[in-house]
Each structure stands twice: as structure tokens, then as C-alpha cells.
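Biologist: I should like to learn how to read a model of this kind, feature by feature. Where should one begin?

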Amino acid sequence: MSAVLMVGIDCSECGDRAIEYAIDYAKRSGAKVFVSHIIEWSPFSFSTVEENFERHKRREEELKRAYSEVIDPVISRLKDEGLSAEGLVRHGNVAETLHELAMENGATNIILGRQGKSKLKAHVFGSVGSHLVQMAKCPVTVVP
Amino acid sequence: MTKLRVGITTLIGLFASFSAFAQEVGIDEKINLAIKPFADAVAGAVFSSFPVAGVQIPFVLVWLIVAATIFTFYFNFINLRALKHGFELVRGDYHDPKAAGEVTHFQALATALSGTVGLGNIAGVAVAVSLGGPGATFWMILAGFLGMSSKFTECTLGVKYRDELPDGSVSGGPMYYLTKGLAEKGANFARLGKVLAVMFAIFCVGGSFGGGNMFQANQSFSQLVNVTGGDASWLADKGWLFGLIIAALVGLVIMGGIKGIARVTSKIVPFMAVVYVLAGLTIILMNITLVPSAIGQIIDGAFTAEGISGGVIGVLFQGFKRAAFSNEAGVGSAAIAHSAVQTNRPVTEGFVALYEPFVDTIVVCTITALVIIITGTWDPSVDPSAGVQLTSSAFESAFSWFPYVLTIAVLLFAFSTMISWSYYGLKSWTFLFGENKVTDATYKLLFLFFVVIGSSMQLGSVIDFSDAMIFAMAFPNLLGCYFLLPVVKKELNEYWADYKSGKLVKTRVS
């Protein structure tokens, strides 16, 4: 079974280190690469009537923007490197949803860049990396 | 940005002309005198009543209760048997991960609830208990229970016949199911549907000015005067000023496009509701020894009605009326709010909507009523127009600081209800007059105007007019619902069979 990488990125630049790492890894192992971007969203948030009626429209816009601004530039880069790559965007809790996507696509490794939060912030809010490490059913690589 | 600037300039203009006008003495009194005859006439027409055992019973109330009862039996006590599944849906057990980012059942319910939980639960209950005695609580709970079936029906229809617009946004509510739903039944029904939809839209616009606006402004002002010193408060005769400030804030949201204010409110309101419920429960627990006797008073009062004008019928009337006004079941407003949900099975939103009267009336109203009864703050001789002040003093007797918290809660509840209703009203208005910048702005300016009027009027006329407009919506809405009952039943039976046979995908294992 060949390797499948799930790379989680925040925005096209901030995922750079993780992408470099994934390119290197994929070139050596011939792995397929999934590049995913999670839009922070909770099914239990509160919203106004008007927001609800506009929600479907907004969601389409969010997805479109995520592909064009975050995912597509990275995918074309990977393709230029001769790798097999696919982009994914989904709404949800970042760590949980990234893990779900990894499991759905049979990822053997999850790769993400470190967010570089301060110690205090990470302590209070937790970080995506530490959440993932605790629940993931596959190895997680956090690229510094 | 230009939109914002225009909005602000308009508001400042309004403010300036009003301030000049208000230099004269007794402006509140003048507004009250000018509007009262009209308000009274509308109320008189909607509440045309017939005598039952010596009490005048308004036909509209019978209309609401009969429909709720028929729906409860027609759907074989859906208000009991679907509660568990409704909860699973709200919890997200059947949430499709592919639809992440769309409006969930939880969000649709929470939004609809923050439009109904509010002054009806605080001021309305106080009015019911002072006029009808503790026994009114019993009938209020029963009305809430039956009302769950009305909500189920109208919200299922709201989702089924909503319009999905080309730009991706949705639009739903009684206007749509009355036209589209009845049109499926043939040409004559199509004509009837159109008439009913127009009637509904007219009343909904009225309701958005009345109960969704003037009543809210009026009661929050009354509470503000109350905590700042009552009649001695410098605010006491400045309802117009309060109205202008609230109108400016509402205007910033609905005309200025400052959505942030509404968004923040939508997040604080659920929190305030929780604070209110917890405070109520604390008072009940502190007086736990008095609870059995309070429950005794509620049950005895429901059937004996000692010292209440109109006897049992009078008590029942008060309970039913306030419940209906608080949870709006059968009125059709909730069908607008719920129709935004993401689902391809309309009946699921019906199950979720069962929780609206449940939380609003059976939980929150009952807590308010118990607090008022336990603390002994209700008094048949008290001025019924005291409304929210009565609840305030009930809570004050346990926590001296609570009136301040309640004032903030009341202001926020009122504000969020106004924002919700301005949307319901606008949707109805554009249904009637078409959607363009002029009609849009006309409605919004009228809405703001009524905020000021509502703050300046006395409660009696405001409450009658508000009740009248909101209840009038129930005539076309429920009539249409009767014709569409088979549609809902078909949806329900198909879904329930799938649910029972385990065909539905449960995405959350618990």
C-alpha cells in the first residue's frame, strides 16, 4: 500500500513549510497528496434569521474563495513537481475535520505546519496540532 | 459605505426633528392619544368575541386552540412521540458531514427560539397570573403542549414549500406554502391560496409593527423606568427619547448594514436566557418547601378560579392567550425562521420545531409563573399593565440586584425580537410590494417609526394592538394548514417508516 499524505493548511503561504516537507516526502515515497483547508465552523453556533437565510450563499462563496485563494495555488505547485495531488475544503472544527478527511481518504500520515501561537494562547485554546496528536489514528507530523 | 452614511444621516435627521418636536410638554401623551383609537379599533375587530358562560371569548383564541388540538390528534400525539427523535436531530446525530457549513437543525431552532423567548415569557406570564390567578399557569402549559403540534405542522410546510433563489439564498414561510401548497390542489385552491398569502403578509407586517416591535419597545422602556426610580425617574416621561435611541440602534442594523450588532446580540441572548432560567430555578430551589403549595394553587386555580373575573373560563382564557402570544404557535412567524434549515426531509424541521413551544412555554413560562406565585408577588388587584415590573419585583424579592440583570435581559430580548420581526415583516412586505430599494427602505423607516410610537404609548393600547395583529396572522395561516395537513402526513409517514426501519444514516454514534 502506497502512502497517502493529508496536508492541512491555513492559507497558501503559512502552509509553506508543511508543503515543502510533503513534497519531499511524496517524491521519495511516491505518495498521493491531499491538500486540505478547514473553515472554522460549529454546528452549534448562534446566528440571526437573516444570516441563516443567506447561509447557503455564503457557504458557496467561502468554499469558492478557499479553493481559489488557498488550495489551487498549492495544488498547481504540487502538480508542477510531478506529484499526484487533490484539494479538499470543508467546514468544521479544524482538528476533528482534518482527521475525518484523513480517515475518509485513507491517509497514512497527517502533515501540518506549526501555527506558532504563544505558549499562553496554546494553553488556553489548545492548538490544532496538539488536538490532532491526541486523537489521530495515524501518525501526525507537525512541521516547525 | 455610502449605504451606511445614508442610513446614519437619515437617523440623525429623524432624531433632530423629533427632539425639536419633543420640546413641547407631554409628547408621550399626545402620541398615545393619536394612536389609541386606531389601535383599539383593530383590537376590537380581531378580538370579536362571543359569550361563553358569561365570559367574552375571542374567536381567534378558539381558532388557535381548536387547530392545535386537531393537529395533535391528527398526527397521533406527535408532540410526545417525536420528542426523542427531535432531540437527536438537534444534537446532530443525523447531520450529513457533506453539508457542514449549512444551517443546522440546532441553529434553526436557536434562531427561532431567540425570536420567541423574550418579553412574552417575562411580561406576558406576569399579566396572565395577575389577571387569571395561579390557575392560568395550568392552561398556559396545556396550550404550550398543544401548540407544539401547530409548530410541527407549520414548520414542516415552511421547509417543504420554501423558495430557493437563484443566488443561493432561501426564502420561506406561510406566504410560500399558502401559495405553492394550495396551488397543487387545483385552480380554485390556487386562488384561495393567493388570497390567504396576501392576508397573512398584511397581518405579518402589522405584527412586526405591533408585537414584534411596539410591545417590545414599550415593555423594555417600562422596565428601564422601573429600575431607574419609577415615576420619579427622569426617564419617566421620555419614552420618545428611549424610542429614538432604540430606533437608532435597530436602524444601524437593518438600514446601516451594521450586521455586527445583530450578530453580537444573537450570541448574548441565549446566554441571558440561561441566566434568567438559572435565576428562576434558584429561587424555586430556595423555596422548595413552597413548591407543592404553588403547584396546588396552579391546579386548584385552574378549575375553581376563586375570585377571578369570569371564573374557570376567564382563567383558561388568560392562560391560553398569554401562551399563544409567547410561543406564537399557529401564528406562522416561526415557519419563516425555521425554513432556512439545511435538510432534504422537511418533516425533520417539524420535529425540531416541537422544542420551541416546549422550551418557551412549558419550561421558561412555567419557571416565571412559579417564581411569581412562590414569592407571592402576584395580586389580583395589581394593575395588569405593570407586566414586566411584576416579574421584576418577584425576582427582586429573592435577589435585590436582579432587576438590573433583568433590565439588560429585557433590553436584549426586545432588541433581538425586533431584529427577527423586522425580517419577517420585510419578507412579507416585499411579498406584497415587490423587492426593490424603495419598498425596502419604506418598510424599514416605518418599522423604526413604530419603535418610537411603541415606547411612547401606554401598555394597554399597545398590548391590545400587538395581540390583535399577531393573532390575526393565525386566520390565514391555520386555514391553509388544514388544507395542507395530508401533505404533512405523507411526509411524516414516509419519514417515520424510514426512521423506524433504520434506513436513515446516523452519523454520530453515541
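Modeller: One may begin at the end of a helix: just after H14(B), B:Glu328 takes a positive phi of about 60°. The model is a predicted one, and B:Glu328 has this phi although it is not a glycine. The residue lies in the loop between H14 and helix H15 (333-338) of chain B.

Biologist: Is B:Glu328 buried or exposed, and what count decides the matter?

Modeller: B:Glu328 counts as buried because it has 31 C-beta neighbours inside 10 Å, and the cut-off for that class is 20 or more.

Biologist: Which other residue has a positive phi although it is not a glycine?

Modeller: B:Phe77 does, with a phi of about 55°. Its place is in the loop between helix H3 (59-74) and helix H4 (78-81) of chain B. B:Phe77 counts as partly exposed, because 13 C-beta neighbours lie inside 10 Å.

Biologist: How does one check the length of helix H14 of chain B against what should be expected?

Modeller: One takes 1.5 Å a residue. For the 17 residues of H14 (residues 311-327) of chain B, the span should be 24 Å, and the end C-alpha atoms are 25 Å apart, which agrees. As for its surroundings, H14(B) is mostly covered, with 14 of its 17 residues buried.

Biologist: How does one read the two sides of a helix?

Modeller: The general idea is that an α-helix has 3.6 residues a turn, so residues three or four places apart point the same way. Consider helix H1 (residues 16-29) of chain A, whose 14 residues reach 20 Å from the first C-alpha to the last, close to the 20 Å expected at 1.5 Å a residue. Buried in H1(A) are A:Ala18, A:Ile19, A:Ala22, A:Ile23 and A:Ala26. Seen down the axis of H1(A), the buried residues fall within an arc of 140°, so they line one face of the helix.

Biologist: Which exposed residues does the face of H1(A) turned away from its buried side carry, and what covers the buried residues?

Modeller: That face carries A:Asp24, A:Lys27 and A:Arg28. The cover over the buried residues of H1(A) includes strand E1 (4-8), strand E2 (32-40), helix H2 (49-80), strand E4 (109-113) and strand E5 (140-143) of chain A. Just after H1(A), A:Gly30 takes a positive phi of about 70°.

Biologist: How should one approach the nonpolar interior?

Modeller: In soluble globular proteins, nonpolar side chains tend to be buried together. Here the largest nonpolar core has 167 residues, and B:Trp139 and B:Val250 have the most contacts inside it. Helix H19 (residues 402-433) of chain B gives the most to this core, namely 17 residues. A second, separate core of 32 residues includes A:Val70, A:Leu88, A:Leu112 and A:Leu132.

Biologist: What does B:Val250 touch, not counting residues up to four places away in sequence?

Modeller: B:Val250 touches B:Met418, B:Ile419, B:Ser422, B:Leu448 and B:Val451. B:Met418 is also among the contacts of B:Gln216, together with B:Leu119, B:Ala414 and B:Thr417, again leaving aside neighbours within four places in sequence. B:Gln216 is found in helix H10 (residues 187-227) of chain B and is buried, with 30 other C-beta atoms within 10 Å.

Biologist: How many residues of each chain meet where chain B is in contact with chain A?

Modeller: On chain B there are 29 residues in contact with 23 residues of chain A. Helix H6 (105-116), strand E4 (170-171), helix H12 (259-286) and H19 of chain B each supply at least two residues of the side of chain B that touches chain A. The largest share of that side, six residues, comes from H6(B). By class, the side has 13 nonpolar, 12 polar and four charged residues.

Biologist: Where should one be cautious?

Modeller: Where pLDDT is low, the predicted coordinates should not be read in detail. Chain B averages a pLDDT of 85, and 89% of its residues score at least 70. Over residues 19-25 of chain B, however, pLDDT stays under 50, and the model has three contacts beyond four places in sequence for this stretch. The model scores ipTM 0.86 and pTM 0.87.

Key. Residues numbered from 1 in each chain as written. Chains lettered and ligands numbered in written order. Predicted model: local features only at pLDDT ≥ 70, side-chain atom pairs only at ≥ 80, totals over all residues. Core = buried A, V, L, I, M, F, W, Y, C linked by C-beta atoms within 7 Å. Buried ≥ 20, exposed ≤ 12 C-beta atoms within 10 Å, placed from the backbone. Helix = DSSP H or I, 4+ residues; strand = E, 2+ residues; numbered from the N terminus. Contact = placed C-beta atoms within 7 Å. Expected span 1.5 Å × (residues − 1). Nonpolar A, V, L, I, M, F, W, Y, C, P; charged D, E, K, R; others polar. pLDDT = per-residue confidence, 0-100. Arc of directions from axis to C-beta.
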